[in-house]
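Visitor: I am new to this structure and would like to know how its labels are earned. Could you show it to me and explain as we go?

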Amino acid sequence: MIKKTVSVASVVGALLVGGVLAAAPAQAVPHDCPSGNYCVWTGPNHTGFWEKFSWNSNLVPGTVFQADNSSFNRMSSYAMKLHYQPNRTSSSVYACSRPGTLWYQHRPAEQLASLSKVSTC
Amino acid sequence: MTRSDTARALILLLLAAAPLVVTASACSSPSAPAPAPVPAAARPGALDLPAETRALLADAERALVRDCMARQGFSFFYDSTDLAELRAEAAATNRELTLDDVPRARREGFGPAPGAPARSSSPAERQEQAYLAGLSPQRRNAWEKALMGQPGQRRIKVSVPGVGTMEHPTAGCFAEARIRLFGDYERWARADTFVNARFRPVDEEVKKSPDYKEATARWSTCVGARGHHFTTPDNARARASTLQRDQAISLAVATAECDRQVGRSKTHRSLYEQATRHWAERHPTEAADFRRLNAEAAARLTAATTAPGHVPDPAMTPAPGS
């Protein structure tokens with residue numbers, strides 16, 4: 001029941017906040033990420049599939065969740081906190097990405113699971 | 001300090017930094033009262049900057065970006081930092097250290113529903129989208145490059161073991177603003193990246209602690225005696241998410257009362273502070289640079305703002321090296 005609740009919330013959250021899956025070119029560059037978004041790729045170095053997020057989000061299993069992530073903060077004046085657990089629990093913050101920052105995280109580290117948008121780090 | 005004071009301070013900084021030509025722009029013009037800055041140096045041991053300092057630095061960076069973009073003929077939009085929102089974010093970050101807050105449990109239960117978005121898009125974000133939609137593809141591309149720098153630029157690469165690698169731009173208006181604000185931007189970027197990635201190793205040290213495990217076991221025994229069988233507060237929170245609001249609040253209050261009774265969060269806070277000190281001891285350069293560079297930038301802004309009729313000293317006001 002708990003798992004179901006989280007899953008539904010994740011999907012609804014993704015739909016509401018604009019988590020949109022896109023197929024990136026084979027050699028995607030971070031600048032493919034539209035301004036005003038935080039983009040996460042399934043592969044290292046911004047390759048593979050990617051999703052764009054503009055709000056607090058859980059990464060939905062099946063897309064960029066549990067992938068060998070890389071990401072780019074292309075928002076103009078917001079930072080994004082990166083969490084390794086869903087639901088943006090405060091104790092699961094990996095790092096904080098300021099505007100213009102690229103981030104890479106490779107296995108075997110735990111995976112990027114949720115994002116929280118904040119005024120500043 | 002008022003917003004206009006802050007803007008004045010930034011103008012002084014800019015005038016002192018370089019003979020800049022600022023073109024008109026259709027940007028947001030802050031008007032709400034600004035927070036009074038609290039110098040970071042007032043808390044020399046802290047890695048959490050006061051909300052007032054964070055707001056001051058964030059707004060200064062955005063104003064500098066706006067100026068940089070305006071000099072290139074572009075608009076840049078930002079919302080002035082909402083101090084109440086910043087404090088709420090900090091409180092949310094520290095929520096797990098204060099699970100013994102019975103009045104809060106009575107008001108909020110375990111907190112907002114985790115899947116709910118916290119807020120809608122900001123006025124500045126909507127302005128930016130409208131502005132960009134009105135630009136030609138070539139101008140939009142130029143706007144983005146002016147802001148973020150050219151693809152292929154050299155980037156400041158900061159690798160944090162167990163966390164990943166952050167790369168910060170060295171070109172474009174974000175880079176220029178941070179150079180002006182902090183002076184040694186590369187050193188600041190490294191320190192900022194490390195300090196903001198400390199939470200996971202700190203949390204891991206806390207949760208390995210026998211004292212933490214014992215306090216949590218005492219809490220579990222206490223809530224068990226009240227008919228709630230959970231091994232951790234996370235389990236209780238997950239259970240609460242399936243309950244009606246009044247039942248969820250009742251559970252949160254019971255767990256908070258037990259927490260206070262057995263001293264679980266008190267132990268947690270003590271261990272968290274200790275683990276943070278250990279983290280700083282393992283990363284002395286980054287911790288010291290973070291405190292110093294942020295404190296110096298805040299002090300420069302405060303000095304420029306509070307000196308009546310102050311004429312900026314070109315040798316002093318801009319960040320060293322900018």
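Visitor: What makes the disulfide of A:C33 and A:C39 right-handed or left-handed?
Guide: The torsion about the S-S bond of A:C33 and A:C39 is about 80 degrees, so this disulfide is right-handed. This is a predicted model, where local features need pLDDT of at least 70 and side-chain atom pairs count only at pLDDT 80 or more, while totals for chains, interfaces and linings use all residues; side-chain values use heavy atoms, leaving out hydrogens and water. Residues are numbered from 1 along each chain as its sequence is written, with chains lettered from A and ligands numbered from 1 in the order in which they are written.

Visitor: How do you know that A:C33 and A:C39 are joined by a disulfide?
Guide: The term asks for a pair of cysteine sulfur atoms within 2.5 Å. For A:C33 and A:C39 the S to S value is 2.0 Å, so the pair qualifies. In general, a disulfide is a covalent bond between the sulfur atoms of two cysteines.

Visitor: Why is A:C33 called buried or exposed?
Guide: A:C33 has a relative accessible area of 0%. Buried means under 20%, exposed over 50%, and partly exposed in between (1.4 Å probe, protein chains only). A:C33 is therefore buried, and A:C39, also at 0%, is buried too.

Visitor: What makes A:C96 and A:C121 a disulfide?
Guide: Their sulfur atoms are 2.1 Å apart, so A:C96 and A:C121 meet the limit as well. The torsion about the S-S bond of A:C96 and A:C121 is about -90 degrees, so this disulfide is left-handed. It links distant parts of the chain: A:C96 sits in strand β7 (residues 93–97) of chain A, and A:C121 in the segment after β9 (114–118), 25 residues apart. Strands (E, at least two residues) and helices (H or I, at least four) are DSSP runs numbered from the N terminus. A:C96, at 8% relative accessibility, counts as buried, and A:C121 is buried at 10%.

Visitor: How do you know that B:C68 and B:C173 tie together separate parts of chain B?
Guide: B:C68 and B:C173 form a disulfide with sulfur atoms 2.0 Å apart, and -75 degrees about the S-S bond makes the link left-handed. B:C68 lies in helix α2 (residues 51–71) and B:C173 in helix α7 (residues 173–182), so the pair ties together parts that are 105 residues apart in sequence. B:C68 is buried at 1%, and B:C173 counts as buried at 0%. The search of the whole structure finds four disulfides over all chains.

Visitor: What makes B:E61 and B:R178 a salt bridge?
Guide: A salt bridge needs a side-chain nitrogen of Lys or Arg within 4 Å of a carboxyl oxygen of Asp or Glu. The closest N and O atoms of B:E61 and B:R178 are 3.2 Å apart, so the pair qualifies. This salt bridge also links distant parts of the chain, with B:E61 in helix α2 and B:R178 in helix α7, 117 residues apart. B:E61 counts as buried at 9%, and B:R178 is buried at 1%.

Visitor: Why is B:E176 called buried, partly exposed or exposed?
Guide: B:E176 has a relative accessible area of 23%, which lies between the two cut-offs, so B:E176 is partly exposed. Its salt-bridge partner is B:R180 (3.8 Å, N to O), and B:R180 is buried at 14%. Both B:E176 and B:R180 lie in helix α7, four residues apart, about one turn of the helix.

Visitor: How do you know that B:E144 and A:R74 meet in a salt bridge?
Guide: The side chains of B:E144 and A:R74 come to 2.7 Å, N to O, so the pair satisfies the limit. Across the interface of chain B and chain A the rule finds three salt bridges.

Visitor: How many residues does each chain bring to the contact?
Guide: With contact meaning heavy atoms within 4.5 Å, 55 residues come from chain B and 44 from chain A.
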